[in-house]
Amino acid sequence: MRTSLVATLMLLAGASASAQRMIVACPSGRSVQQAVQLARAGDTVLVSEGVYTESTIVIDRPIVLVGRGKAILDGSKATHMVRVTASDVTIRDLTFRNGQLSHVEDRAAIHVGEVSRCRIENNTITDAFFGIYLARTTGCVIRGNVLAGRPARSEDGAGNGVHLWTAQDIEVSDNRITGHRDGIYLEFAHAVNARRNVSERNLRYGLHFMFSDDCAYEGNTFRANQAGVAVMYTKRVEMSGNRFEGNWGAAAYGLLLKEIYDSRITGNVFAHNSIALLADGATRLQAHDNQFTDNGWAIKLMTSTENASFTGNVFAGNSFDVATNSRGSSNSLRGNYWDSYEGYDLDRNGVGDVPHRPVRLFSLLIERSEPTMILLRSPLIALLDRAERLIPSLTPEALMDTAPLMRRPR
């Protein structure tokens, strides 16, 4: 009886293995769409090296679509280059190019809708409108792709690199994204983890998301984007170990927080941004152990930000460490390092004996009249700032660090 059962299991296993076939597409023979239509669930469609100019390729069954060599899907005759309507589909090692611009439709190199457990890995996407577009999806992975947007002079001429709408439990990792409207865009997403992505030189934001709770972003680089990164109308966001750098311009910032709640920003580097962190309605924000170096403004705290905590951060080389538009504040600064601190430490415990007031009088003047910025380096402004430190009268008393660090943390 046992021998018979083992034989049956082996037969079933062999039948299952033999059922998984490889179907080959090639430029001079079978098209990619024809190969997909021949495939059954679990099969692999191998796209041979060459250029394929086809209308939209629809994948409506759980298969693996994989490229060999330089397999190029040219989208010059397609709306979406590939459209996925089945769960458990994998797309990898392909090159997509020449996506079609549309002002009425979000056309994408890879469009995935109402499915689960898709995997999009190690693809190259160039000159597409939208790159990878997921709508109403769960449990998908977008990993190791390179996306370079189509040349565009304005945001209307470019779509987003990775676009997630009504998506849940998504991994976006190790991608390189440039030249799109937003590098990574999320709306009504939940439990998205973005790790080790590089999003740079995009026309608007390196990362932009709204109404997307319980998401985490770790080890990403957001560099030289026109406006930086925007996190809006969201709860319980974790942002750790990221770099926000080179986001410079009249309306640029490293990170904008707008109407968010119960979020944490830890271990990030903010360098060479016009405004490193702009907090407008960031309630119960915890910002710990970050580095703010060589920015115009390190932190701008708007009146709408309440009960935020800043601890263990480094402020060095910034024109303004902290600025605000209000004299009152429920936010706290404690145990940070300030290179502008001029106090002393008589008991040598590493903590300054007198509080540090990081809000410069001149920053308050600029809030009321931006043209006064031209006086930033003048001796008069230096004199005003020093007088305010000695006899504080206008800068907010609530925004002072009562335990400033004497040495910069390593």
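Strands here are DSSP runs of at least two residues, numbered from the N terminus. In this predicted model, Asn-175 sits in the loop that connects strand E17 (168–173) with strand E18 (176–178). Although a loop residue, Asn-175 has a relative accessible area of 0% and is therefore buried. Its surroundings, once neighbours within four places in sequence are set aside, consist of contacts with Ile-142, Arg-143, Gly-144 and Asn-145, together with Arg-196, Asn-197 and Val-198. Towards Ile-142 there is also a polar approach, since a polar atom of the Asn-175 side chain lies 3.1 Å from the backbone oxygen of Ile-142.

The cysteines offer a second way into the structure. The model holds one disulfide by the sulfur distance rule, and this bond joins Cys-118 to Cys-140, with the two sulfur atoms 2.4 Å apart. The pair links distant parts of the chain, 22 residues apart: Cys-118 belongs to the loop between strand E10 (108–113) and strand E11 (119–121), whereas Cys-140 belongs to the loop between strand E13 (130–135) and strand E14 (141–143). The torsion about the S-S bond of Cys-118 and Cys-140 is about 125°, so the disulfide is right-handed.

Both ends of this bond can be placed by the cut-off for burial, which is a relative accessible area under 20%. Cys-118, at 2%, is buried, and Cys-140, at 1%, is buried as well. Turning to other cysteines, Cys-215 has a relative accessibility of 2% and so counts as buried, while Cys-26, at 26%, counts as partly exposed.

How values were computed:
Residues are numbered from 1 along each chain as its sequence is written. This is a predicted model: local features need pLDDT of at least 70, side-chain atom pairs count only at pLDDT 80 or more; totals for chains, interfaces and linings use all residues. Side-chain values use heavy atoms; hydrogens and water are left out. Helices (H or I, at least four residues) and strands (E, at least two) are DSSP runs, numbered from the N terminus. Buried means under 20% relative accessible area, exposed over 50%, partly exposed in between (1.4 Å probe, protein chains only). A polar contact is a pair of N or O atoms within 3.5 Å; within protein, one must be able to donate a hydrogen and the other to accept it, and residues adjacent in sequence count only if both atoms are side-chain atoms. Contact means heavy atoms within 4.5 Å. A disulfide is a pair of cysteine sulfur atoms within 2.5 Å.
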